[in-house]
Every structure is written in structure tokens, then in C-alpha cells.
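The following exercises concern charged side chains and the pairs they form. Please study the sequence and the structure before reading each solution.

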Amino acid sequence: MAYEEIILREESSRCLLCIDASCEKACPEKYRVSDAVRSVRFENIDGALTVVDASVCAGCEGYCEKSCRRADIDRPIGIKSIFRAAAVKAGVSHTETVRADLSVTSMGVRFENPFLLSSSVIGSNYEMVAKAFRMGWAGVAFKTIGMFIPEETSPRFAALSKEENTFVGFKNLEQISDHSLEENLGFLKRLKEEFPTKVIIASIMGRDEEEWTKLAELVEEAGADIIECNFSCPQMVGEGLGSDVGTDPDLVRRYTAAVKKGSRLPVLAKMTPNITRMEKPAEAAVRAGADGIAAINTIKSIMNVSTDDGVSAPAVRGRSAESGYSGKAVKPIALRFIRDLASDSALRGVPISGMGGIETWRDAYEFIALGCDTVQITTAVMQYGYRIIDDLKDGLSRYLASRNTESVRQLKGSALDKVVPADELDRSSVEYPRFITDRCVGCGRCYLSCYDGGHQSITMHPKTKKPVMDPTKCVGCQLCVLVCPADAIEPGVRRQLSN
């Protein structure tokens, strides 16, 4: 029975992703075991097979598994089963080096690849950004610089978890940079001097037009390549700051114009998702001179209300506050806004730097295919570290090679015409599910979901204990495909409905 997808997904997600991996030290072949498992975790299976030989691993006694630190929690990671499943899925153990052109030019600025650190704590001083640059990130939207230093809370982070994933969603109470203006300008200057080919995006936030103009002047003098106007931080304290600006097209227009007054650099207007139609403030920004749009920032949220005392997370001495939500769970929302921006006639051709729930190269592909030039990442770095850049670049390169596509630039907007108004979708046929009997374990999850949440078209056979579908009741919603834990149901035959 073929359960490769399940093994790859579930076993790799159990890995602790140790920084000093004992599995790697134990490998008699000196394979980069932890790197390979991490590649599988980030959907770069072919990349994993370039650093291990799955056929050799199959005959090994499993020294890596015997040393796995996960055993101290429950049981070791099934490393051998991961590599065996990876080889089956890939069809062959790959050893070639893939080369593809990941460079992009946006707003007249060249990026060596589309992957940037987004404006947050992950890019808030010289040491952090320098490390990221050395590891292969193309640029940084430096943590938002202002004329003031905010007072912060402790704690300031919380996570929404589900099963093995501890970061389905992430909430933060971070405000703008807690370094002085002088320190931040010094960081930008030093970074540009030492990494001239990397792209420095200076995120700024003023309290009035005069401050926006002055900040624009200062960051240009410090060596920034692009200015990003933070019109969207949902937890800034003070009137006319953060997302309060992004919901007001007039303020967006005025502050964008103030920035353009102070600098000749390209300007990105960073939009808030805490609004129904992002296009309106985005259009106002472009009319005022913005050269591009960045989206989305975090979503206003309340999460994890304690059953003990009723306080939501993060709890600060018995209280909490509405603040920004990010992580994998917001990706579908971000993609919807990206598509809206890229499809808007008044914004046609305006460059977009996208963000919101990107963890893997496949996530990044979705943003690029819906119209982004570059992508920005924070939450995944906070969880896994800068090292995810390895599989972001390698995975995207391998995808390009598999499609005989020479440049990532050719992907831009390729999925836009596949999103249509709901009334244009085909409603004249039904695609039935197909049940793969030899994979089915007879758990009955499909039956439960279909009966309690669908159209009562599945029953369990009294002898085989396997599901049986009644096509006269099935409407092709395919809820059963989504809930099956054994990957034993897949889309099947599509048939026209009779008139």
C-alpha cells in the first residue's frame, strides 16, 4: 500500500529541526541527514535526495534514528522511512545540481532572488540581517523606523496550534523598532556598505507629514534602496498610526506624497488587510506617487482565551489586547488580497511585494503566480530560522527546471486568469470521488463527515468495513477526499448532469 505522502508529511513534521543534530553526527556515511529531513519538511523532496542516497540508507542499521532527540519526548523520527518514501515519490535519487534564474527586477531594483525578510523583529539590527544575507536572502524590509522608541509589553507573542503544528497561527504585540533613529540609520549604512548587492528596504512610520518626509530623507542618505511606508501595523498605540492610516485613502495619499517629497527612491506602500477592499487605499498611494504595493500586514485578532481566567494570549499581567495575526493560517486571505490588487485595472502593472503565511517554495510560488514580484517572510523565520532560505531557493529552482522554465519572472501572474467570478464556474457536471480500496484502513472518517457534514452518500460495507458510495446522492463536494487520513480517496470521474 502506498502511504508515501503521509509518511513524508507526518514524520518530517515531527522532526525537532535541531541546530546541532545528533542524527547527522551518528551517520556513518556523513550524510547531511538533518538538512535532508528539513528539505522534506519544506516540500523540497528532490533537494533532500541530493544530500543522502536513499538506497544506502535503506540498508543501514539506522544509527541516525537511534540517536534522535525526539525519542526523549515520545519516539524517534522515522528517518529511514522518510528517505524511502522520498525516493519512491521522486522515482529516482537525484544528484544533479539545478540551476535556474531566480533574479527579479522590481521598481528598477535588481533582487538576486525573490525572497526577502519582512519588516519585523527578524530584521531589526545589523547582526541579524548580516547573517541572513550571508545565508542567501536577497534583501530585507528592515524593522520599521520612526522618530520615537515605543514601550513594549512582556510577553508579546502567542501561537495557535493544531496537532503537530505549533504555529498554525501566530499573534504578536510588537510595535516599531526599539532602537533609536541614530542606531537604525547606522545599521542601514553598515549593511549597505558591506552587502552592496543586497536590497535594503527601509520601512518607516511617521506621526505627521513632516516626519514622513524627514524619515524618507534620512533613510535614503543611509543607503536604502527602497522605502516601505508602514500604513498597516495593527498594534501601534496612537492616533493616525499603523493600520488606522491604511484604512483611510486620504491619509495614505497625504503620507505617500510626503515620502515622495523627501526622497527619490522607489516607494512601497504597505497595505492593511483590516479592510474590505484594499484596492482603494492602494490606488490612493499610487496616485500620490507610490511605485509599488506591499501586502498583507498582520490581521487584527484575539486568540487563545484562557479557561482559567478568561484572559486572551499573550497575557500581560492579567490582560491582553487586539493585535496582529500571521502564519500559515492567513495565507488564503493574503492570496485573495494579492489577486484583488493584481487584477485591479487602476493598479495594472504596479509591482507587488507579497507576504502572509509563506513557509515553503510552494507557498512563494502561489504569491508569484498571482502577480507578485517578490515575497516577504517573517513568521516562518521566527519558527525555523533563516536556514529556510536553502529550500526556498532550491525548491523553486527545481520546480522551474521541472517545467523547463528558465526564469522565475515567467511565473509572475500565471495563475491570475484561473480565478473567475463564482457565477462563471461550471455547474453542469459532478466530479465524483474515487475510493482506493487497498489503501483504505476502514476507519470510517469519510462516512462520518459525509453523513454529519455532507449529503449522506457514503455507507460502510457490513463485511469489508470499507466505504461504499451512492452516486444518486453524491454531489461531488469531495469533503471525503479532504478528511481521509490514509489518502485513500481522490478525485475521480466527472460526469455531466442531465437536464
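The exercises below treat salt bridges in this predicted model.

**Exercise 1.** State how many salt bridges the model holds.

*Solution.* Side chains of opposite charge can pair when their charged atoms come close. A salt bridge is counted when a side-chain nitrogen of Lys or Arg lies within 4 Å of a carboxyl oxygen of Asp or Glu. The count by this rule is 40 salt bridges.

**Exercise 2.** Determine how Arg14 and Glu11 are placed in helix H1, and whether they are buried or exposed.

*Solution.* Begin with the contact: a salt bridge links the side chains of Arg14 and Glu11, at 3.3 Å from N to O. Next, consider the helix. Arg14 and Glu11 are three residues apart in helix H1 (residues 4-14), so about one helical turn separates them. Finally, Arg14 and Glu11 are both buried.

**Exercise 3.** Classify each partner of the salt bridge between Asp74 and Arg70 as buried, partly exposed or exposed.

*Solution.* In this pair the closest N and O atoms are 3.0 Å apart. Buried means under 20% relative accessible area. Arg70 has a relative accessible area of 9% and is therefore buried. Asp74, with 43%, is partly exposed.

**Exercise 4.** Carry out the classification for Glu279 and Arg277, whose side chains meet in a salt bridge, and then name the residues of the network that shared partners create.

*Solution.* The N to O distance between Glu279 and Arg277 is 3.2 Å. Glu279 has a relative accessible area of 8% and is buried, whereas Arg277 is partly exposed at 41%. As for the network, salt bridges with shared partners join Glu11, Arg14, Arg70, Asp74 and Arg75.

Note on methods
Residues are numbered from 1 along each chain as its sequence is written. This is a predicted model: local features need pLDDT of at least 70, side-chain atom pairs count only at pLDDT 80 or more; totals for chains, interfaces and linings use all residues. Side-chain values use heavy atoms; hydrogens and water are left out. Helices (H or I, at least four residues) and strands (E, at least two) are DSSP runs, numbered from the N terminus. Buried means under 20% relative accessible area, exposed over 50%, partly exposed in between (1.4 Å probe, protein chains only).
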